[in-house]
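Reader: I'm new to this structure and would like a close look at one part of it. Could you pick a good spot and walk me outward from there?

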Amino acid sequence: MYDIIIIGAGVIGATIARNLSRYDVKVLVLEKNSDVGDETSCANSAIVHSGYDPHPGTLKAELNMAGNRMFAKECEELDVELKNIGSLTVATNKEEEDMLDKLYVDGMTNGAPIEIISAERLREMEPFVTKKATKAIWAPTAGIVNPFELVVALMENAMDNGVELKLEEKVTGIAKDGDVFKVETEKGAYQAGVVINCAGVNSGVINNYINEKKELIRPRKGEYYVLDHFPAPYVTHTLFSVPSSKGKGVLVSPTTHGNYLIGPSSEFVESEDDKGTDGTTLDNVIKEAYRLVDEIPMQYVIREFSGLRAYHDSGDFVINSPVPGFINMLGIQSPGLASSPAIGEKAIGMVRDVIELREKKDWNPRRRPLYRVNTLPVEERQALIATNPDFGQMVCRCEQVTKGEVIDCIHRNCGARTVKGVKKRVRPGFGKCQGGFCEPLIMKILCDELGKQPVDVNYSNRGSYILKEKTKGEK
Amino acid sequence: MNGTVKYDLVIVGGGSAGLAAAVAAYDSGIRSILVLEKDKYLGGILLQCIHNGFGLHEFKEEMAGPEYAQRFIDQVKERGIECKTNAMVLDITPDRKVHYSSLEDGYVVVEAGAVICSTGCSERTRGAINIPGTRPSGILTAGLAQRYLNIEGYMVGKRVFILGSGDIGLIMARRMTLEGAKVLGVAELMPYSNGLNRNIVQCLHDYNIPLYLHHTVKEIIGKDHIEKVVICPVDDNLKFIEGQDMTFEVDTLLLSVGLLPNNPLLEKIGVRMHPKTKGPVVNEDLETSIPGIFACGNSLHVHDLVDFVSAEGRLAGKNAARFLNGGLGDDTAVIDIAPLNGIGYVLPSLTHLDSIDDTVLKFRVKQPYNNVYINIKVNGQSVKRLKKPYLLPAEMENIPLKGLELQAFAGDKMEMTVEVEES
Ligand SMILES: Cc1cc2nc3c(=O)[nH]c(=O)nc-3n(C[C@H](O)[C@H](O)[C@H](O)COP(=O)(O)OP(=O)(O)OC[C@H]3O[C@@H](n4cnc5c(N)ncnc54)[C@H](O)[C@@H]3O)c2cc1C
Ligand SMILES: Cc1cc2nc3c(=O)[nH]c(=O)nc-3n(C[C@H](O)[C@H](O)[C@H](O)COP(=O)(O)OP(=O)(O)OC[C@H]3O[C@@H](n4cnc5c(N)ncnc54)[C@H](O)[C@@H]3O)c2cc1C
């Protein structure tokens, strides 16, 4: 019997888990995938929005504003990469300028510290912005975060403080008997007094297990291009276009590792498994991106990907408790990431309405920092290697990752179990060769550390094997 | 060994190019040489090329990749040249400090008199060519599958489709067939193959593996692991021709869609890069735009035959030795070299008047040709014209300029061009 069961370990579920880990309650997180944060929370623009653009009065506006303010502390405590680079929303004609003025008014109402800047000032700040730009909104409090690290760090810290995580546990039903919920999964059943639905695009389905009022969450796909990091200077802010008759606009933004994202598109899809990309959509993304920049170095494209927004017809976040003890996090689409710390805080308030939350004395908000060997000055690096030569052994050429870091990310709480899990935690495979060189080395380390055979190592979920069979000897 | 050490010559990458360079530098009198190799063994990509076809030019015999590599490893060992494996170079500075990290030595900074960069190439991936569809496992580059099979002893799958007719893909079609897989076909976007003719015959025809020219992947299907691949013909604008989809049930899609020189270390310090080869710009001495830093092998431009890589490595080694022994002395008139009609790229990008005898032009054509001439001109005037029965993009051409008399042009600004002349 648990006090609280959280369904789904995306950024929302992980934030709530970590927030609950401060209190003296027994918390279980159920996640259908083989790793945390493998759905929408790892396939988005990674922007910590300033909060200026949601419609005033919406939950999105409130929680984005609050979340943005909480982000720096959270990332500092958890050793998660966050860069406060600011965003620029760029107008290129009269229609867009009018739209920009409206956005500015909304932003002021929301209380975001934003500024309208001239074309001249814009070009000074961002030389790579299109020459067509006439005016922009500068939002200095916007930032970029490493979303892979964020979800892992939240869950790791939650587990350091006693939260239990069960992976590969797909929830298939919920029943309530008196005050107790019975949460069924493909593997078994778990009981708790409070259930929090953080199932992203599946949150409608989860709601419908227990709530008479059915909810529909529609997956709305966004496709992107990723550019490799390259030495020449390029865009240094997040650039947004203004929605106009020319299209809803896309963004061009650096990532915390100096790569660049271009996207996303936006179209409804049938299935929450539809995470493909397609040429026509991406051609369109590029066309839209040319409203922001005049040059896109397409020779540096290393990947395409897509993520699914959990769209609710209200257009807003829907956070409610339709059944006592059952809490819904529905429609957490953008700016869900930016709002996540505030959503987490709101959830605590809602749980408190149901059960008593007593603070633990020994709660530790900090996670043990990562090694980040390639950022260390030479002497520190040498000193670290002296303590453990695995930090001298390189395994990833593109992102310069050491064997010591890979081993470390396997042996932490919420440690890596898959090739993608290692990639999300310490980056081998994110670079130009996309794992072509390092994958066999990562496989070997996973096998050595977890006592597995290479044929049993998956790329991500069950079924995503990399090697089919051994050629010689026993099969 | 943490700290700073000094060598006359540091060679980054111990593949065919780097090993040949080390031997040549030694034989030119350099004794303080360090070869740094990131992998566990010397030899580079050849170690996974267990098929034969190597060495016909170099040793006048046909051997397997590892055998060929061993000859050079032996030459390096005989000379007592110092080599470190498991040692990855992380930085080369413009003043030739080479930073490397290794299990044995930790993080070391080497002060080098000269540096040769021979870091090989990497394979283009799915992301680089934007293959539509989902992202399951089971889609990988042919070279990675080759490594899993030939080095680690694992098959990546049993029902295989191959995209791209590059040589590695062709070799893997045969290799996986021999290992019991069913290779359902090879699709190539262009109307001609990008692999060597002998590989089309020996790896596809001999095993009845169909080659679909002017076709590409339209869709990938599969959630966790690839289940199906949809292939479709394309028109002359490389757009899909509707209604002609072919669906194959597969557990593997191998990509053999091109190789790219691997030079992050040089790019990082602003070495001038060649827009076509994607390697550095070099002169006839294989020196890059930063003095004392040389490049050779697949990191300079992608080669079809390892024998030419070895020869290029030797040239780099010899010239690095000249540089160390008091300079290259390239102070005679500069001749810029550029590709024209029908030529994809030509190396070197420049030479000097008194080095003409040692200059070998290396180039690739953009498309296949039959019965044409290669015309080499200086300032628009033909200086060499060669008949070619056929030219293929898959094959690198070598034309030595030995004996070319260019004194008449001295004093003018000289530009040499290479072009295909159709009769
Ligand atoms: C294209 C795109 C761009 C975006 N850009 C931004 C941005 O720049 N800034 C920003 O703030 N926000 C952005 N967002 C929104 C942000 O990514 C999301 O709001 C956030 O990631 C949602 O997190 P989540 O935890 O609710 O969902 P998810 O990350 O999807 O997590 C849900 C989890 O629940 C699990 N689950 C589902 N069903 C079950 C079940 N039956 N049993 C057990 N587990 C289950 C899933 O496997 C998953 O791990 C973007 C979204 C998209 C799609
Ligand atoms: C799969 C394949 C099949 C081929 N088949 C044939 C054939 O049938 N016949 C034929 O004649 N030729 C063939 N070739 C061509 C020929 O084998 C290659 O062109 C040649 O081996 C390339 O040599 P190289 O030294 O330039 O590169 P590589 O052999 O790739 O060597 C580069 C070395 O540099 C190391 N390195 C890279 N970065 C660093 C760093 N930062 N620090 C330290 N070390 C580093 C790498 O680990 C590698 O060992 C084939 C090539 C390939 C890829």
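Author: Let's begin with a term we'll need: two residues are in contact if their C-beta atoms, placed from the backbone, lie within 7 Å. Keep in mind, too, that this is a predicted model.

Our spot is B:Ala22. Setting aside its neighbours within four places in sequence, B:Ala22 is in contact with B:Ile11, B:Ile33, B:Val35, B:Val76, B:Ile81 and B:Gly317. B:Ala22 also belongs to the largest nonpolar core, which holds 146 residues. Along with B:Leu9, B:Ile33, B:Val115, B:Ile116 and B:Phe294, B:Ala22 is one of the residues that touch the most other members of that core. Helix 1 of chain B gives the core its largest share, 9 residues. There's a second, separate core as well, with 112 residues, including A:Leu28, A:Leu78, A:Ala192 and A:Val250. As a bit of background, nonpolar side chains tend to be buried together in soluble globular proteins.

Now let's stay with helix 1 of chain B, because it also turns up around ligand 2: helix 1 (16–27) supplies at least two residues of the shell there. Strand 3 (52–54), strand 6 (87–92), helix 4 (142–152), helix 5 (167–178) and helix 8 (306–324) of chain B each do so too. In total, 36 residues surround ligand 2, and the closest are B:Gly13, B:Gly15, B:Gly44, B:Gly120 and B:Gly297. Sorted by class, this shell has 14 nonpolar, 16 polar and 6 charged residues. Residues from both chains, A and B, surround ligand 2, so the site is shared between chains.

How does that fit with the domains of chain B? The assignment gives domain 1 (4–122 + 260–330), domain 2 (125–257) and domain 3 (335–422). Domain 1 and domain 2 of chain B each give at least three residues to the shell around ligand 2. The C-alpha centres of these two domains lie 32 Å apart. Their contact takes 5 residues from domain 1 of chain B and 6 residues from domain 2 of chain B. On the domain 1 side, those residues are 2 nonpolar, 2 polar and 1 charged.

Since the ligand 2 site involves both chains, let's look at where the chains touch. Here 43 residues of chain A are in contact with 44 residues of chain B. On the chain A side, at least two residues each come from helix 7 (279–289), strand 18, helix 9 (378–387), helix 12 (439–450) and strand 23 (469–470). Helix 9 of chain A provides the largest share of that side, with 5 residues. The chain A side splits into 16 nonpolar, 13 polar and 14 charged residues. Strand 23 of chain A also pairs with strand 11 (residues 154–155) of chain B, in the antiparallel sense and over 2 bridges. In that pairing, A:Lys470 has B:Tyr154 as its bridge partner.

Finally, over to chain A and ligand 1. Of the 38 residues around ligand 1, A:Gly8, A:Gly10, A:Gly200, A:Gly222 and A:Gly336 come nearest. Helix 1 (11–20), strand 18 (301–311) and helix 8 (336–352) of chain A are the elements giving two or more residues to this shell. So strand 18 of chain A lends residues to the ligand 1 shell and to the side that touches chain B. By class, the ligand 1 shell has 16 nonpolar, 16 polar and 6 charged residues.

Key. Residues are numbered from 1 along each chain as its sequence is written. Chains are lettered from A and ligands numbered from 1 in the order in which they are written. This is a predicted model: local features need pLDDT of at least 70, side-chain atom pairs count only at pLDDT 80 or more; totals for chains, interfaces and linings use all residues. Domain bounds come from an automatic or database domain assignment. Ala, Val, Leu, Ile, Met, Phe, Trp, Tyr, Cys and Pro count as nonpolar, Asp, Glu, Lys and Arg as charged, and the others, Gly among them, as polar. A residue is near a molecule or strand if its C-beta atom, placed from the backbone, lies within 6 Å of it. Helices (H or I, at least four residues) and strands (E, at least two) are DSSP runs, numbered from the N terminus. Two strands pair if DSSP finds at least two bridges between them. A nonpolar core is a set of buried Ala, Val, Leu, Ile, Met, Phe, Trp, Tyr and Cys residues joined through C-beta atoms within 7 Å. A residue is buried if 20 or more other C-beta atoms lie within 10 Å of its own, exposed if 12 or fewer, and partly exposed in between; C-beta atoms are placed from the backbone.
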